[in-house]
Amino acid sequence: ALRQLREDGLVASRQGAGSTVVRKEGAPPLYVHSVGSIEELVQYAEATRYQPETRRVLTADAALAARLGGLPGNRWLKVEGFRYAPGEALPFCWTEVYVNAAYAGVGELVGRRAGPIYALIEEMYGERVTEIEQTLRVAAAPAEVAPGLGIEPGSAVVELRRAYRVATGELAEIAFNLHPAERFSYSITLRRRR
């Protein structure tokens, strides 16, 4: 199978380095997502550019509360926009962020300063994010987002949901990142404890 992939020009092998996937000529860039710690998440956010398109404070109805894992009536700052890899004109994902209203002041800095939103919360409010829960699922691209990602509405996307909790256990932020499925790879390295 590997030989066939090499012959098709889809992988390249190098002695001592294994095989790597090769992008076909004219194919959109593949975004490989590899984050193993909270500190690496900072590097990811600083190495990419988030361009917010909308910001608004809203009150969660029953449907939004269920999606966020909160209660109806909770208030959130909602920020939406595309995220770009360095030097790329086509965004690699759509990011929809909900910030607990207690930390909504960060809204003025989102998109103006590099780095993750949770780091702005820590800086502005003296809180410390101690836990980030990640969940992956496959979804359909919303009609209003698909054209910006260069895909057809209803196409498969990988939804990466991150829930950020501070030391008290309170949710500070929830982010949904939609990645076109054919241009996304998620990598996790597991190590044995000594």
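**Aromatic pairs, helix, core and sheet**

Me: How many aromatic pairs does the structure hold?
Reply: This is a predicted model: local features need pLDDT of at least 70, side-chain atom pairs count only at pLDDT 80 or more, and totals for chains, interfaces and linings use all residues. Numbering starts from 1 along each chain as its sequence is written, and side-chain values use heavy atoms, leaving out hydrogens and water. Rings of Phe, Tyr and Trp (its six-membered ring) pair if their centres lie within 6.5 Å; planes under 30 degrees apart are stacked, over 60 edge-to-face, the rest tilted. The number of aromatic pairs is 4.

Me: Which strands hold Phe82 and Trp94?
Reply: Phe82 and Trp94 pair edge-to-face, 4.8 Å centre to centre and 70° between the planes. Helices (H or I, at least four residues) and strands (E, at least two) are DSSP runs, numbered from the N terminus. The pair ties together parts that are 12 residues apart in sequence, because Phe82 and Trp94 lie in β5 and β6.

Me: How far apart in sequence are the parts that Tyr118 and Tyr164 tie together?
Reply: These rings are stacked, 5.4 Å centre to centre with 25° between the planes. Tyr118 lies in helix α4 and Tyr164 in strand β8, so the pair links parts separated in sequence by 46 residues.

Me: Within what arc do the buried residues of α4 fall?
Reply: Buried means under 20% relative accessible area, exposed over 50%, partly exposed in between (1.4 Å probe, protein chains only). In α4 the buried residues are Ile117, Tyr118, Leu120 and Ile121. They line one face of the helix, because the directions from the helix axis to their C-beta atoms fall within an arc of 155°.

Me: Which element supplies the largest share of the largest nonpolar core?
Reply: A nonpolar core is a set of buried Ala, Val, Leu, Ile, Met, Phe, Trp, Tyr and Cys residues joined through side-chain atoms within 4.5 Å. Of the 17 residues here, Val97, Val99, Ile117 and Ile121 touch the most other members. β5, β6, α4, β8 and β9 each give at least two residues. The largest share, 4 residues, comes from α4.

Me: Which strands stand at the edges of the sheet?
Reply: Strands pair if DSSP finds at least two bridges between them. 6 strands form an open, antiparallel sheet in the order β4-β5-β6-β9-β8-β7. Each edge strand has a single partner, so one side is left without a neighbour in the sheet; these strands are β4 and β7.

Me: How many bridges join β7 to β8?
Reply: The two strands run antiparallel. Thr135 stands opposite Arg161 in β8. The bridges joining β7 to β8 number 11.
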